[in-house]
Amino acid sequence: MTAFHVMAGADHTFTRPAIRKIGIADLVDALRMGLDDFSEKPSHYVFLCLMYPIAGIALAIWSTDQNLLPLLFPLMSGFALLGPLAAIGLYEISRRREKGLDTSWSHAFDVRFSSALPSIIVAGLMLFGLFIVWLFVARNIYFIYFGDGVPPTLPSFVSSVLTTREGMAMMLWGDLIGFVFALVALATTVVTFQLLLDRDIGVVAAIDASIRATLTNPVPIAVWGLIVAALLVIGTIPIFAGLAVVMPILGHASWHLYRKLIVTES
């Protein structure tokens, strides 16, 4: 039975886990260990992560059918904002593997038994709220340059974006503002969900630890964000299918990055 530990942990105290300084070599090592976790039962994790390419295709079809073409790219890029939450089952698999426990794919759903589940839900709602705000901002950027009109087809929309001054300006501001949203998401969640899964310290303490880890290691965390973004772009080719492999590797690697950033509880 979970308790509502959100502001503080199970002992009702505000915990501040110690942060380590890491280097670029640690990022490479985290990716290597993530690949090692994935290689143990790759078919299981590909099956588990088929939801990502399916969700990507569904978003593309939905935005086209609903005359929401201006939101197609914000939806696809913003989908990555939810990655830390979506990968929580993979964190659990990596956590179990390092303890020598059974790592069958069904254990990815064991998070529902976590004492920190209320905190995880609150952090997830925060991330989803950021996603919704991003869509609202992206929609308004489109309105500024193209008004209320909706392009009739995807090719005409792409053409208007890539071949007009308005389209170029929209992309520039969209990329700059999108970068800010991505930075906020990265700084507040780089270890948040992993920490909550590992220790029931409360969502505020977990986000605080994530921000401190980012401020202590600005360059490695920035490079990690670029690696994640690059791999997600690669994973969308072709037709999002690569996400079924990219996402589990990144999910497992993110757990090992957490282990490198946060000092283990004695």
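**R97 and its partner**

I began with R97, which has a relative accessible area of 28% in this predicted model and so counts as partly exposed. I then looked up what R97 pairs with, and found a salt bridge to D36 whose closest N and O atoms are 3.0 Å apart. The pair joins distant parts of the chain, since D36 sits in helix α1 (residues 24–40) and R97 in helix α6, with 61 residues separating them. I checked the accessibility of D36 as well, and at 39% this residue is also to be entered as partly exposed.

**Other salt bridges**

I ran the search over the whole structure and noted twelve salt bridges. Staying in helix α6, I recorded a bridge between E92 and R95, with the closest N and O atoms at 2.9 Å. These two residues are three positions apart within α6, about one turn of the helix, and I noted that both E92 and R95 are buried.

In α11 I found D208 bridged to R212, with 2.9 Å between the closest N and O atoms. Because D208 and R212 are four residues apart in helix α11, about one helical turn separates them. I looked up the burial of this pair too, and D208 and R212 are each buried.

I also traced a network of salt bridges, in which D26, D29, R32 and K260 are linked.

**S94 in α6**

Is S94 buried or exposed? I find S94 buried, with a relative accessible area of 1%, at its place in helix α6, which spans residues 88–98. Setting aside the neighbours within four places in sequence, I listed the contacts of S94 as D37, H252, W255 and H256. I added a C-alpha to C-alpha distance for S94 and A253, which comes to 8.8 Å although the two are 159 residues apart in sequence.

**I249 in α13**

Next I turned to I249, which belongs to helix α13 (residues 243–261). Its relative accessible area is 17%, and since the cut-off for buried is under 20%, I entered I249 as buried. Which residues does I249 touch, once those up to four places away in sequence are left out? I noted G34, L35 and F38. The C-alpha atoms of I249 and A30 are separated by 9.9 Å, for a pair 219 residues apart along the chain.

**I234 in α12**

For contrast in accessibility I looked up I234, which lies in helix α12 (residues 218–235) and is exposed, with a relative accessible area of 52%. I computed the spacing of I234 and V246 from C-alpha to C-alpha, and got 8.3 Å in space for twelve residues in sequence.

**α9 and α11**

At what angle do the axes of α9 and helix α11 cross? I have roughly 110°, and the axes of α9 and α11 (residues 203–216) come within 6 Å. The range for roughly perpendicular is 65 to 115 degrees, and I therefore describe α9 and α11 as roughly perpendicular to each other. I wrote down the residues that meet here, namely L186, A187, T188 and T189 on the α9 side with I207, S210, I211 and T214 on the α11 side.

**A patch on α9**

Still on α9, which covers residues 165–189, I located L183 and found this residue partly exposed, with a relative accessible area of 46%. L183 takes part in a nonpolar surface patch of about 370 Å², which I list with F179, V180 and V184 as its other members.

**The chain as a whole**

Last, I collected the values for the whole chain. I count 13 helices and zero strands, so the order of elements from the N terminus is an uninterrupted run of α. Of the 266 residues, 47% count as buried. The accessible surface comes to about 13,000 Å², and carbon and sulfur atoms own 72% of that area. Among contacts with a separation of 6 or more, I noted that 77% are between residues 24 or more positions apart.

Terms used. Residues numbered from 1 in each chain as written. Predicted model: local features only at pLDDT ≥ 70, side-chain atom pairs only at ≥ 80, totals over all residues. Heavy atoms only, no water. Patch = residues over 30% accessible without salt bridge, like charges linked within 9 Å, V, L, I, M, F, W, Y side chains within 5 Å. Areas by Shrake-Rupley, 256 points an atom, 1.4 Å probe, with all protein chains shown as cover. Salt bridge = Lys/Arg side-chain N within 4 Å of Asp/Glu carboxyl O. Buried < 20%, exposed > 50% of the residue type's maximum accessible area, 1.4 Å probe, protein only. Axes fitted to C-alpha atoms, helices over the stretch in contact; angles between N-to-C directions. Parallel < 35°, antiparallel > 145°, perpendicular 65-115°, else oblique. Contact = heavy atoms within 4.5 Å.
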